[in-house]
Amino acid sequence: MSRPLRIAGYILTGILAGLLVAATAIWLITRTEWGMERARRFAVSWLAEQVNGTLHIGRISGAGLLGGMVIHDFGITDPKGRPFLATDSLELSYNWRSLVSGRIDISRVVMYRPQAVLEILPGDTMWNYEVVFADSTATGERERKLIRFADTRIVDGRAIVRLGLHPDQPILPADTARALVERVPGGLARTMRFEQLNAHLERVLWESPLEDGRMFEIRSAQGRGYVWREPFIIQDMRGTLTMLDTVVSFDIPEVSLPDSRA
């Protein structure tokens, strides 16, 4: 065999060996428990930089990381150690190319038995979600990226909203008779509970490089609520929820209750 042919053979062998090593590495990272554990550590590290508080991820499973994963035992507590968000499991489907490009564009999300707590207690100046997701960079400024979730489903969820009652705020007997008031750190708070929540959100825009605020497009939602002591039941609801700074806006064109429809 001539020298040029031998050199070409060595080069081809090197290329094939490199491809084999790369394929093996991709398989180990995306298809094995070892790779899932490395993904869990990376996810915990990345998310910990995005939130102020304590983040917990039990484990990550799934058929492979390139197209989706299941996050088990996910939870966030605020800097004071109070619960903020927790879910038994979280199914995610996505295009890995968008993640590589820096965009978080999730095509499908299913949250099983999530529990969320939104509160602003006596003495607080911000809601807990504003504290958890506050910008922690040195300058207080960062480049906003696209964070979007499509086809998001909530299965048997629960949410609690607590509004602190200030000492100078008058509390009438009628309020304590109907409202749910409980003792919290710093004083008293009015509590609203929402249980047995099942919802389908067509789109959640959590962050956009083009505009401020967050948007939740609700295709359907059902559940039981306790704004007062007497519960109400929502059989179906659709609409849009937007959040800009401390302003929360509802655009709910249709809602169905057991005995009425609006």
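**Figure 1. Who sits around Thr152 in this predicted model.** Skip the neighbours within four places in sequence, and Thr152 still has contacts with Val109, Ala199, His200, Leu201 and Val204. You'll find Thr152 in strand 6, which covers residues 147-165. Is Thr152 buried or exposed? Its relative accessible area is 7%, and the cut-off for buried is under 20%, so Thr152 counts as buried.

**Figure 2. Stepping back to take in the whole chain.** Zoom out, and you can pick out 5 helices and 13 strands in the protein. There are 262 residues here, and 33% of them are buried. Now take the contacts with a separation of 6 or more: residues 24 or more positions apart account for 56% of those. As for the outside, the protein exposes about 16200 Å², with carbon and sulfur atoms supplying 60% of that area.

**Figure 3. A look into the largest nonpolar core.** Here's some background first: in soluble globular proteins, nonpolar side chains tend to be buried together. How many residues does the largest nonpolar core have? It has 33, and the ones with the most contacts inside it are Ile71, Ile76 and Leu92. Let's stay with Ile71 for a moment. Leaving out residues up to four places away in sequence, Ile71 touches Ile57, Arg59, Ile60, Asp88, Ser89, Leu90 and Leu92.

**Figure 4. Ile60 and Ile71, side by side on the page.** One of the residues that Ile71 touches is Ile60, which belongs to strand 1 (residues 54-61). Along the sequence, Ile60 and Ile71 are 11 residues apart, yet in space their C-alpha atoms are 4.7 Å apart. With a relative accessible area of 4%, Ile60 is buried, because anything under 20% gets that label.

**Figure 5. A nonpolar patch on the surface.** Not every nonpolar side chain is tucked away: Val248, Phe250 and Ile252 make a nonpolar surface patch of about 280 Å². Ile252 is part of strand 12, which runs over residues 247-257. How much of Ile252 can be reached from outside? Its relative accessible area is 31%, which makes Ile252 partly exposed.

**Figure 6. Arg162 meets Glu182.** Side chains of opposite charge can pair when their charged atoms come close. In this protein, the count comes to 12 salt bridges. One of them brings together the side chains of Arg162 and Glu182, at 2.7 Å from N to O. The pair links distant parts of the chain, with Arg162 in strand 6 and Glu182 in strand 7 (residues 180-184), 20 residues apart. Which partner is buried? Arg162 is, at 13% relative accessibility, while Glu182 is partly exposed at 29%.

**Figure 7. Two more salt bridges, and a network.** Glu195 and Arg193 form a salt bridge whose closest N and O atoms are 3.2 Å apart. Arg193 is partly exposed, with 24% relative accessibility. Arg203 has a salt bridge with Glu217, and there the closest N and O atoms are 2.9 Å apart. Arg203 lies in strand 8 (residues 187-207) and Glu217 in strand 9 (residues 214-226), so this pair ties together parts that are 14 residues apart in sequence. Both ends of the bridge are partly exposed: Arg203 has a relative accessible area of 29%, and Glu217 has 23%. Salt bridges can share partners too, and in that way Arg82, Glu119, Arg162 and Glu182 are joined into one network.

**Figure 8. Two residues with a positive phi.** Most residues other than glycine have a negative phi. Asp156 goes the other way: its phi is positive, near 55°. Asp156 is in strand 6 and is partly exposed, with a relative accessible area of 38%. Gln196 isn't a glycine either, but its phi is positive at about 50°. Gln196 has its place in strand 8, and at 45% relative accessibility it counts as partly exposed.

**Figure 9. How confident is the prediction?** Averaged over the protein, pLDDT is 76, and 66% of the residues score at least 70. Where does pLDDT stay under 50? One such stretch is residues 16-29, for which the model has 8 contacts beyond four places in sequence.

Notes: Residues are numbered from 1 along each chain as its sequence is written. This is a predicted model: local features need pLDDT of at least 70, side-chain atom pairs count only at pLDDT 80 or more; totals for chains, interfaces and linings use all residues. Side-chain values use heavy atoms; hydrogens and water are left out. Helices (H or I, at least four residues) and strands (E, at least two) are DSSP runs, numbered from the N terminus. Buried means under 20% relative accessible area, exposed over 50%, partly exposed in between (1.4 Å probe, protein chains only). Contact means heavy atoms within 4.5 Å. Accessible areas come from the Shrake-Rupley method with a 1.4 Å probe; for residues, only the protein chains shown count as cover. A nonpolar core is a set of buried Ala, Val, Leu, Ile, Met, Phe, Trp, Tyr and Cys residues joined through side-chain atoms within 4.5 Å. Patches are made of residues with over 30% relative accessible area and no salt bridge: like charges are joined within 9 Å, nonpolar side chains (Val, Leu, Ile, Met, Phe, Trp, Tyr) within 5 Å. A salt bridge is a side-chain nitrogen of Lys or Arg within 4 Å of a carboxyl oxygen of Asp or Glu. pLDDT is the predictor's confidence in each residue, from 0 to 100.
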